[in-house]
Amino acid sequence: MAGVRLEGVWKRFGDVAAVKDMNLEIKDGEFMILLGPSGCGKTTTLRMISGLEEPSEGRIFIGDRLVADPEGGVFVPPKDRDIAMVFQSYALYPHMTVYDNIAFPLKLRKVPKQEVEERVREVAELLGLTDLLKRKPRELSGGQRQRVALGRAIVRKPQVFLMDEPLSNLDAKLRVKMRAELKKLQRQLGVTTIYVTHDQVEAMTMGDRVAIINYGELQQVGTPDEVYNKPANIFVGGFIGSPPMNFIDAALTEDGWVDFGEFKLKFMEDQAEVLREANLIGKEALFGIRPEDIYDAMFAQVKVPGENMAKARVEIVENLGSEKIVHLRVGDITFLGSFHSESKVKEGQEVDVVFDMKKAHVFDKKTEKAVF
Ligand SMILES: Nc1ncnc2c1ncn2[C@@H]1O[C@H](COP(=O)(O)OP(=O)(O)O)[C@@H](O)[C@H]1O
Ligand SMILES: [Mg+2]
(Lines give C-alpha, C1' and ligand atoms only; values in the text may rest on other atoms or scores of the structure.)
(Ligands and ions follow the chains in the order given, each with its own letter.)
Protein backbone atom coordinates (compact mmCIF):
# COMPACT_ATOMS: atom_id res chain seq x y z
CA MET A 1 0.00 0.00 0.00
CA ALA A 2 1.02 3.55 -0.56
CA GLY A 3 -0.21 7.08 -0.32
CA VAL A 4 -0.14 9.52 -3.22
CA ARG A 5 1.24 13.06 -3.25
CA LEU A 6 0.87 15.84 -5.80
CA GLU A 7 3.21 18.80 -5.51
CA GLY A 8 2.52 21.92 -7.56
CA VAL A 9 1.06 19.90 -10.41
CA TRP A 10 -0.08 21.70 -13.57
CA LYS A 11 -1.56 20.36 -16.77
CA ARG A 12 -1.89 22.60 -19.78
CA PHE A 13 -3.55 21.69 -23.07
CA GLY A 14 -2.41 24.52 -25.35
CA ASP A 15 -3.80 27.67 -23.76
CA VAL A 16 -6.11 25.80 -21.40
CA ALA A 17 -4.83 25.06 -17.90
CA ALA A 18 -6.92 22.02 -16.96
CA VAL A 19 -5.15 21.58 -13.60
CA LYS A 20 -3.57 24.51 -11.77
CA ASP A 21 -0.92 24.16 -9.08
CA MET A 22 -2.50 21.12 -7.46
CA ASN A 23 -1.08 20.26 -4.03
CA LEU A 24 -2.73 17.24 -2.51
CA GLU A 25 -1.68 14.43 -0.22
CA ILE A 26 -3.69 11.22 -0.07
CA LYS A 27 -2.81 9.07 2.91
CA ASP A 28 -2.01 5.41 2.87
CA GLY A 29 -5.29 3.47 2.83
CA GLU A 30 -7.42 6.57 2.51
CA PHE A 31 -10.60 6.87 0.41
CA MET A 32 -10.18 10.28 -1.22
CA ILE A 33 -12.83 11.82 -3.45
CA LEU A 34 -12.07 14.36 -6.18
CA LEU A 35 -15.29 16.33 -6.50
CA GLY A 36 -16.23 19.17 -8.83
CA PRO A 37 -18.40 20.17 -11.78
CA SER A 38 -17.90 18.75 -15.25
CA GLY A 39 -14.73 20.03 -16.90
CA CYS A 40 -13.02 21.11 -13.66
CA GLY A 41 -10.02 18.81 -14.19
CA LYS A 42 -10.86 15.69 -12.18
CA THR A 43 -10.19 13.16 -14.92
CA THR A 44 -7.03 14.95 -15.98
CA THR A 45 -5.75 14.79 -12.38
CA LEU A 46 -6.51 11.08 -12.19
CA ARG A 47 -4.88 10.40 -15.57
CA MET A 48 -1.71 12.14 -14.40
CA ILE A 49 -1.62 9.96 -11.28
CA SER A 50 -2.13 6.86 -13.43
CA GLY A 51 0.53 7.88 -15.94
CA LEU A 52 -1.87 8.12 -18.89
CA GLU A 53 -1.06 11.82 -18.95
CA GLU A 54 2.18 13.61 -18.15
CA PRO A 55 2.02 16.75 -15.98
CA SER A 56 3.22 20.01 -17.56
CA GLU A 57 4.85 20.93 -14.29
CA GLY A 58 5.15 19.62 -10.72
CA ARG A 59 5.84 16.28 -9.10
CA ILE A 60 3.77 13.19 -8.35
CA PHE A 61 4.73 10.55 -5.78
CA ILE A 62 3.20 7.12 -5.24
CA GLY A 63 4.43 6.06 -1.83
CA ASP A 64 8.03 7.27 -1.61
CA ARG A 65 8.55 6.84 -5.32
CA LEU A 66 8.71 9.83 -7.61
CA VAL A 67 6.68 8.77 -10.67
CA ALA A 68 6.39 12.06 -12.58
CA ASP A 69 8.64 15.10 -12.61
CA PRO A 70 8.98 16.74 -16.03
CA GLU A 71 11.71 19.08 -14.79
CA GLY A 72 13.78 16.18 -13.48
CA GLY A 73 13.01 14.08 -16.56
CA VAL A 74 11.17 11.43 -14.54
CA PHE A 75 8.21 9.58 -16.00
CA VAL A 76 7.19 6.11 -14.84
CA PRO A 77 4.76 4.52 -17.36
CA PRO A 78 1.33 3.33 -16.14
CA LYS A 79 2.18 -0.37 -16.13
CA ASP A 80 5.03 0.22 -13.68
CA ARG A 81 3.03 2.33 -11.22
CA ASP A 82 1.20 -0.56 -9.52
CA ILE A 83 -2.18 1.06 -9.80
CA ALA A 84 -5.54 -0.16 -11.08
CA MET A 85 -8.19 1.98 -12.74
CA VAL A 86 -11.94 1.61 -12.98
CA PHE A 87 -13.70 3.86 -15.45
CA GLN A 88 -17.27 4.89 -16.10
CA SER A 89 -17.29 2.72 -19.22
CA TYR A 90 -15.90 -0.50 -17.81
CA ALA A 91 -15.56 -2.40 -21.07
CA LEU A 92 -15.59 -6.09 -20.20
CA TYR A 93 -14.51 -8.57 -22.86
CA PRO A 94 -17.88 -9.79 -24.20
CA HIS A 95 -16.64 -13.15 -25.45
CA MET A 96 -14.94 -14.05 -22.16
CA THR A 97 -16.59 -15.49 -19.06
CA VAL A 98 -16.67 -13.59 -15.78
CA TYR A 99 -13.82 -15.81 -14.61
CA ASP A 100 -11.64 -14.98 -17.61
CA ASN A 101 -12.47 -11.28 -17.41
CA ILE A 102 -11.29 -11.15 -13.81
CA ALA A 103 -8.29 -13.37 -14.49
CA PHE A 104 -7.20 -11.36 -17.51
CA PRO A 105 -4.79 -8.89 -15.82
CA LEU A 106 -3.08 -11.77 -14.01
CA LYS A 107 -2.66 -13.82 -17.19
CA LEU A 108 -1.24 -10.76 -18.88
CA ARG A 109 1.38 -10.68 -16.14
CA LYS A 110 2.08 -14.41 -16.52
CA VAL A 111 0.98 -15.24 -12.96
CA PRO A 112 1.07 -19.06 -12.46
CA LYS A 113 -2.24 -20.81 -13.19
CA GLN A 114 -2.72 -22.10 -9.65
CA GLU A 115 -2.35 -18.61 -8.18
CA VAL A 116 -4.68 -17.10 -10.81
CA GLU A 117 -7.33 -19.60 -9.81
CA GLU A 118 -6.94 -18.84 -6.09
CA ARG A 119 -7.05 -15.10 -6.54
CA VAL A 120 -10.02 -15.08 -8.91
CA ARG A 121 -11.98 -17.28 -6.47
CA GLU A 122 -11.05 -15.02 -3.58
CA VAL A 123 -12.13 -11.87 -5.43
CA ALA A 124 -15.34 -13.53 -6.69
CA GLU A 125 -16.18 -14.49 -3.11
CA LEU A 126 -15.55 -10.95 -1.91
CA LEU A 127 -17.79 -9.46 -4.60
CA GLY A 128 -20.53 -12.07 -4.50
CA LEU A 129 -19.73 -13.32 -8.01
CA THR A 130 -18.92 -16.93 -7.19
CA ASP A 131 -22.08 -18.32 -8.80
CA LEU A 132 -21.64 -16.22 -11.92
CA LEU A 133 -18.07 -17.12 -12.89
CA LYS A 134 -19.12 -19.13 -15.95
CA ARG A 135 -21.42 -16.47 -17.36
CA LYS A 136 -20.69 -14.00 -20.14
CA PRO A 137 -21.09 -10.26 -19.51
CA ARG A 138 -24.33 -10.08 -21.53
CA GLU A 139 -25.91 -12.53 -19.06
CA LEU A 140 -25.31 -10.15 -16.16
CA SER A 141 -27.18 -7.15 -14.75
CA GLY A 142 -25.57 -3.69 -14.80
CA GLY A 143 -24.57 -3.97 -11.15
CA GLN A 144 -23.05 -7.41 -11.65
CA ARG A 145 -21.04 -6.15 -14.62
CA GLN A 146 -19.76 -3.26 -12.57
CA ARG A 147 -18.70 -5.73 -9.89
CA VAL A 148 -16.80 -7.78 -12.47
CA ALA A 149 -14.99 -4.61 -13.56
CA LEU A 150 -14.09 -3.97 -9.92
CA GLY A 151 -12.95 -7.57 -9.57
CA ARG A 152 -10.67 -7.17 -12.54
CA ALA A 153 -9.14 -4.10 -10.85
CA ILE A 154 -8.67 -5.57 -7.38
CA VAL A 155 -7.45 -9.02 -8.43
CA ARG A 156 -3.98 -7.59 -9.01
CA LYS A 157 -3.76 -6.24 -5.45
CA PRO A 158 -2.48 -2.88 -6.63
CA GLN A 159 -1.12 -0.23 -4.27
CA VAL A 160 -3.66 2.34 -5.43
CA PHE A 161 -7.13 2.27 -6.99
CA LEU A 162 -8.14 5.07 -9.30
CA MET A 163 -11.84 5.26 -10.10
CA ASP A 164 -13.39 7.72 -12.54
CA GLU A 165 -17.17 8.04 -12.04
CA PRO A 166 -17.50 4.23 -11.97
CA LEU A 167 -21.16 4.29 -10.94
CA SER A 168 -22.53 6.95 -13.27
CA ASN A 169 -23.87 4.46 -15.85
CA LEU A 170 -26.01 2.66 -13.29
CA ASP A 171 -29.61 3.55 -12.49
CA ALA A 172 -30.29 5.59 -9.35
CA LYS A 173 -31.29 2.72 -7.09
CA LEU A 174 -28.37 0.51 -8.04
CA ARG A 175 -25.99 3.44 -7.63
CA VAL A 176 -27.06 3.83 -4.00
CA LYS A 177 -26.49 0.12 -3.40
CA MET A 178 -23.10 0.05 -5.17
CA ARG A 179 -22.02 3.15 -3.25
CA ALA A 180 -22.32 1.28 0.03
CA GLU A 181 -20.75 -1.88 -1.44
CA LEU A 182 -17.76 0.00 -2.79
CA LYS A 183 -17.19 1.75 0.49
CA LYS A 184 -17.34 -1.53 2.39
CA LEU A 185 -14.98 -3.15 -0.10
CA GLN A 186 -12.49 -0.31 0.19
CA ARG A 187 -12.55 -0.67 3.99
CA GLN A 188 -11.97 -4.42 3.74
CA LEU A 189 -9.09 -4.10 1.31
CA GLY A 190 -7.62 -0.98 2.90
CA VAL A 191 -6.14 0.09 -0.44
CA THR A 192 -5.59 3.80 -1.07
CA THR A 193 -8.41 4.86 -3.38
CA ILE A 194 -8.87 8.03 -5.39
CA TYR A 195 -12.42 8.33 -6.62
CA VAL A 196 -13.63 10.96 -9.08
CA THR A 197 -17.22 12.16 -9.11
CA HIS A 198 -19.32 15.26 -9.84
CA ASP A 199 -22.00 13.97 -7.47
CA GLN A 200 -21.72 15.60 -4.07
CA VAL A 201 -23.90 12.94 -2.44
CA GLU A 202 -21.51 10.19 -3.60
CA ALA A 203 -18.61 12.26 -2.33
CA MET A 204 -20.13 12.91 1.07
CA THR A 205 -21.29 9.34 1.64
CA MET A 206 -18.19 7.49 0.46
CA GLY A 207 -15.12 9.57 1.14
CA ASP A 208 -12.84 9.69 4.15
CA ARG A 209 -11.98 13.11 2.75
CA VAL A 210 -13.19 15.15 -0.18
CA ALA A 211 -11.03 17.38 -2.41
CA ILE A 212 -13.23 19.97 -4.09
CA ILE A 213 -12.01 21.34 -7.42
CA ASN A 214 -13.29 24.21 -9.58
CA TYR A 215 -11.72 25.42 -12.84
CA GLY A 216 -8.67 23.24 -12.22
CA GLU A 217 -8.07 24.76 -8.80
CA LEU A 218 -8.29 22.94 -5.50
CA GLN A 219 -10.84 24.78 -3.34
CA GLN A 220 -10.79 22.78 -0.10
CA VAL A 221 -9.80 19.38 1.24
CA GLY A 222 -11.54 18.00 4.28
CA THR A 223 -13.74 15.33 5.79
CA PRO A 224 -17.38 15.37 4.66
CA ASP A 225 -18.25 17.05 7.99
CA GLU A 226 -15.63 19.73 7.52
CA VAL A 227 -16.59 20.69 3.98
CA TYR A 228 -20.28 20.72 4.93
CA ASN A 229 -19.95 22.65 8.18
CA LYS A 230 -16.97 24.85 7.40
CA PRO A 231 -16.93 25.58 3.69
CA ALA A 232 -13.81 27.54 2.85
CA ASN A 233 -15.46 29.74 0.24
CA ILE A 234 -18.65 30.57 -1.64
CA PHE A 235 -18.06 27.87 -4.24
CA VAL A 236 -17.77 25.05 -1.68
CA GLY A 237 -20.70 26.44 0.33
CA GLY A 238 -22.89 26.32 -2.76
CA PHE A 239 -21.60 23.03 -4.18
CA ILE A 240 -21.96 20.85 -1.07
CA GLY A 241 -25.48 20.28 0.21
CA SER A 242 -28.85 19.82 -1.46
CA PRO A 243 -30.85 21.93 -1.89
CA PRO A 244 -27.93 24.34 -1.97
CA MET A 245 -27.05 26.92 0.63
CA ASN A 246 -29.00 30.19 0.49
CA PHE A 247 -26.86 33.24 -0.21
CA ILE A 248 -28.26 36.67 0.63
CA ASP A 249 -26.58 40.04 0.13
CA ALA A 250 -26.32 41.77 3.46
CA ALA A 251 -24.80 44.62 5.40
CA LEU A 252 -23.02 43.93 8.65
CA THR A 253 -24.22 47.18 10.14
CA GLU A 254 -24.48 47.56 13.88
CA ASP A 255 -22.40 45.54 16.24
CA GLY A 256 -23.40 41.92 15.79
CA TRP A 257 -26.32 42.26 13.40
CA VAL A 258 -26.85 41.36 9.77
CA ASP A 259 -29.19 43.67 7.85
CA PHE A 260 -30.95 42.48 4.69
CA GLY A 261 -32.96 45.67 4.27
CA GLU A 262 -36.26 43.82 4.69
CA PHE A 263 -35.29 42.34 8.03
CA LYS A 264 -32.40 41.92 10.44
CA LEU A 265 -30.90 38.99 12.32
CA LYS A 266 -28.59 38.95 15.31
CA PHE A 267 -25.37 36.93 15.19
CA MET A 268 -24.15 34.82 18.11
CA GLU A 269 -21.67 36.62 20.35
CA ASP A 270 -18.64 34.64 19.09
CA GLN A 271 -19.62 35.29 15.46
CA ALA A 272 -19.92 39.02 16.15
CA GLU A 273 -16.47 38.91 17.71
CA VAL A 274 -15.00 37.30 14.57
CA LEU A 275 -16.65 39.97 12.39
CA ARG A 276 -15.27 42.74 14.59
CA GLU A 277 -11.79 41.25 14.45
CA ALA A 278 -12.01 40.85 10.67
CA ASN A 279 -12.93 44.52 10.49
CA LEU A 280 -16.12 43.73 8.63
CA ILE A 281 -18.58 45.75 10.69
CA GLY A 282 -20.16 48.35 8.44
CA LYS A 283 -19.27 46.38 5.30
CA GLU A 284 -21.25 44.52 2.68
CA ALA A 285 -21.00 40.74 2.78
CA LEU A 286 -22.67 37.59 1.55
CA PHE A 287 -24.72 35.84 4.21
CA GLY A 288 -25.08 32.06 3.81
CA ILE A 289 -27.45 29.67 5.49
CA ARG A 290 -28.53 26.16 4.53
CA PRO A 291 -32.23 25.36 3.94
CA GLU A 292 -32.03 22.76 6.73
CA ASP A 293 -31.02 25.50 9.18
CA ILE A 294 -34.19 27.49 8.51
CA TYR A 295 -37.25 26.33 10.46
CA ASP A 296 -40.98 26.71 10.48
CA ALA A 297 -41.25 28.53 13.85
CA MET A 298 -43.73 25.83 14.99
CA PHE A 299 -40.82 23.36 15.02
CA ALA A 300 -37.98 25.60 16.19
CA GLN A 301 -36.29 25.16 19.56
CA VAL A 302 -34.92 28.64 20.12
CA LYS A 303 -37.26 31.45 19.12
CA VAL A 304 -36.33 35.06 19.80
CA PRO A 305 -38.65 37.45 17.95
CA GLY A 306 -36.69 40.25 16.31
CA GLU A 307 -33.37 38.37 16.66
CA ASN A 308 -33.55 35.08 14.75
CA MET A 309 -36.99 35.28 13.18
CA ALA A 310 -38.69 36.77 10.14
CA LYS A 311 -42.14 36.71 8.64
CA ALA A 312 -41.99 35.24 5.14
CA ARG A 313 -44.45 34.50 2.37
CA VAL A 314 -44.66 30.88 1.23
CA GLU A 315 -44.39 30.77 -2.55
CA ILE A 316 -44.02 27.06 -3.29
CA VAL A 317 -44.02 23.92 -1.15
CA GLU A 318 -42.23 20.84 -2.47
CA ASN A 319 -43.33 17.91 -0.38
CA LEU A 320 -40.64 15.20 -0.35
CA GLY A 321 -42.40 13.15 2.29
CA SER A 322 -39.45 13.14 4.67
CA GLU A 323 -39.31 16.97 4.58
CA LYS A 324 -40.84 19.95 2.83
CA ILE A 325 -38.74 22.24 0.69
CA VAL A 326 -40.38 25.63 1.05
CA HIS A 327 -39.68 28.60 -1.24
CA LEU A 328 -39.88 31.71 0.92
CA ARG A 329 -39.95 35.41 0.23
CA VAL A 330 -39.51 38.51 2.36
CA GLY A 331 -39.91 41.56 0.11
CA ASP A 332 -37.37 41.07 -2.69
CA ILE A 333 -35.40 38.43 -0.80
CA THR A 334 -36.01 34.80 -1.64
CA PHE A 335 -34.63 31.70 0.04
CA LEU A 336 -35.39 28.02 0.62
CA GLY A 337 -36.27 26.41 3.90
CA SER A 338 -36.22 22.66 4.49
CA PHE A 339 -39.13 22.25 6.88
CA HIS A 340 -40.25 19.41 9.13
CA SER A 341 -42.47 16.93 7.26
CA GLU A 342 -45.34 17.78 9.60
CA SER A 343 -45.17 21.50 8.92
CA LYS A 344 -48.60 22.68 7.79
CA VAL A 345 -47.41 25.62 5.66
CA LYS A 346 -49.50 26.37 2.58
CA GLU A 347 -48.61 28.21 -0.59
CA GLY A 348 -49.59 31.89 -0.37
CA GLN A 349 -49.64 32.10 3.40
CA GLU A 350 -47.35 34.02 5.73
CA VAL A 351 -45.16 31.98 8.07
CA ASP A 352 -42.84 32.78 10.94
CA VAL A 353 -39.43 31.37 10.08
CA VAL A 354 -36.52 30.87 12.45
CA PHE A 355 -32.86 31.01 11.40
CA ASP A 356 -30.46 28.81 13.36
CA MET A 357 -27.83 31.50 13.64
CA LYS A 358 -25.20 29.08 15.02
CA LYS A 359 -25.17 27.59 11.52
CA ALA A 360 -24.94 30.91 9.67
CA HIS A 361 -22.00 31.72 7.37
CA VAL A 362 -20.51 34.99 6.22
CA PHE A 363 -18.45 35.29 3.04
CA ASP A 364 -16.23 38.16 1.97
CA LYS A 365 -17.68 39.31 -1.36
CA LYS A 366 -14.32 40.33 -2.79
CA THR A 367 -12.17 37.33 -1.93
CA GLU A 368 -15.17 34.93 -1.88
CA LYS A 369 -13.58 33.35 1.21
CA ALA A 370 -15.60 32.34 4.25
CA VAL A 371 -15.23 34.43 7.39
CA PHE A 372 -17.14 31.65 9.21
N1 LIG B 1 -6.67 15.89 -24.25
C2 LIG B 1 -7.17 17.11 -24.07
N3 LIG B 1 -6.93 18.10 -24.93
C4 LIG B 1 -7.41 19.35 -24.72
N5 LIG B 1 -8.17 19.69 -23.67
C6 LIG B 1 -8.44 18.75 -22.77
C7 LIG B 1 -7.98 17.40 -22.91
N8 LIG B 1 -8.40 16.67 -21.86
C9 LIG B 1 -9.13 17.53 -21.09
N10 LIG B 1 -9.14 18.76 -21.61
C11 LIG B 1 -9.80 19.95 -21.04
O12 LIG B 1 -9.37 20.08 -19.71
C13 LIG B 1 -10.45 20.47 -18.86
C14 LIG B 1 -10.65 19.44 -17.76
O15 LIG B 1 -11.14 18.24 -18.31
P16 LIG B 1 -11.40 16.95 -17.43
O17 LIG B 1 -10.21 16.66 -16.60
O18 LIG B 1 -11.86 15.87 -18.35
O19 LIG B 1 -12.61 17.43 -16.50
P20 LIG B 1 -13.59 16.58 -15.56
O21 LIG B 1 -13.12 15.17 -15.51
O22 LIG B 1 -13.54 17.27 -14.24
O23 LIG B 1 -14.95 16.71 -16.19
C24 LIG B 1 -11.64 20.66 -19.77
O25 LIG B 1 -11.72 22.01 -20.12
C26 LIG B 1 -11.31 19.79 -20.95
O27 LIG B 1 -11.96 20.27 -22.10
MG1 LIG C 1 -14.13 13.42 -16.07
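Is Ser343 buried or exposed? At 0% relative accessibility, Ser343 is buried. The model from which this value and those below were computed is a predicted one.

**Figure 1. Close-up of Ser343 in the loop between strands E19 and E20.** Strand E19 covers residues 333–340 and strand E20 covers 350–355, with Ser343 in the loop between them. Leaving aside residues up to four places away in sequence, Ser343 touches Asp296, Phe299 and Lys324. The relative accessibility of Ser343 is 0%, and the residue counts as buried because that value is under 20%.

**Figure 2. The two domains and the contact between them.** The domain assignment gives domain 1 as residues 4–235 and domain 2 as residues 243–363. Their C-alpha centres are 40 Å apart. Domain 1 puts 6 residues into the contact, and domain 2 puts in 7. The size of an interface is often expressed as the accessible area lost when the parts come together. Between domain 1 and domain 2, about 530 Å² is buried, with 65% of it on carbon and sulfur atoms.

**Figure 3. The domain 1 side of the interface with domain 2.** Tyr228, Pro231 and Ile234 lose the most area to domain 2, and together they make up 84% of what the domain 1 side buries. Between the two domains there are 0 salt bridges. Polar contact is found across the interface for 2 residue pairs, both at pLDDT 80 or more. Helix H7, residues 224–229, contributes the most to the side of domain 1 that touches domain 2, with 3 residues. By class, that side holds 4 nonpolar residues, 2 polar residues and no charged ones.

**Figure 4. Salt bridge between Glu57 and Arg12.** Over the whole structure the search finds 24 salt bridges. In the one formed by Glu57 and Arg12, the closest N and O atoms are 3.2 Å apart. Glu57 belongs to strand E4 (residues 57–62) and Arg12 to strand E1 (residues 4–13), so the pair ties together parts that are 45 residues apart in sequence. Glu57 has a relative accessible area of 32% and is partly exposed. Arg12, at 36% relative accessibility, is also partly exposed.

**Figure 5. Salt bridge between Glu53 and Arg47.** The N to O distance between these two side chains is 3.2 Å. Glu53 counts as buried, at 18% relative accessibility, whereas Arg47 is partly exposed, with a relative accessible area of 28%.

**Figure 6. Salt bridge between Arg147 and Glu181.** The closest N and O atoms of this pair are 3.3 Å apart. Arg147 sits in helix H4 (residues 142–154) and Glu181 in helix H5 (residues 172–189), so the salt bridge ties together parts that are 34 residues apart in sequence. Arg147 is buried, at 11% relative accessibility. Glu181 is partly exposed, at 28%.

**Figure 7. Ile281 and its surroundings in domain 2.** Ile281 lies in the loop that runs between helix H9 (269–277) and strand E15 (284–289). With a relative accessible area of 30%, Ile281 is partly exposed. Apart from residues up to four places away in sequence, Ile281 touches Leu252, Thr253, Glu254, Asp255, Gly256, Leu275 and Arg276. A network of salt bridges links Asp255, Glu269, Glu273 and Arg276. Ile281 and Val98 are 183 residues apart along the chain, and their C-alpha atoms are separated by 65 Å.

**Figure 8. Helix H2 and the helices it packs against.** Helix H2 spans residues 98–108, and its buried residues are Val98, Tyr99, Asn101, Ile102, Ala103, Pro105 and Leu106. An α-helix has 3.6 residues a turn, so residues three or four places apart point the same way. The buried residues of H2 pack against helix H3 (113–127) and H4. Lys110 follows H2 and has a positive phi, near 55°.

Technical notes
Residues numbered from 1 in each chain as written. Chains lettered and ligands numbered in written order. Predicted model: local features only at pLDDT ≥ 70, side-chain atom pairs only at ≥ 80, totals over all residues. Heavy atoms only, no water. Domains from an automatic or database assignment. Contact = heavy atoms within 4.5 Å. Buried area = accessible area lost by both parts, 1.4 Å probe. Salt bridge = Lys/Arg side-chain N within 4 Å of Asp/Glu carboxyl O. Polar contact = N/O pair within 3.5 Å; in protein donor to acceptor, adjacent residues only side chain to side chain. Helix = DSSP H or I, 4+ residues; strand = E, 2+ residues; numbered from the N terminus. Nonpolar A, V, L, I, M, F, W, Y, C, P; charged D, E, K, R; others polar. Buried < 20%, exposed > 50% of the residue type's maximum accessible area, 1.4 Å probe, protein only.
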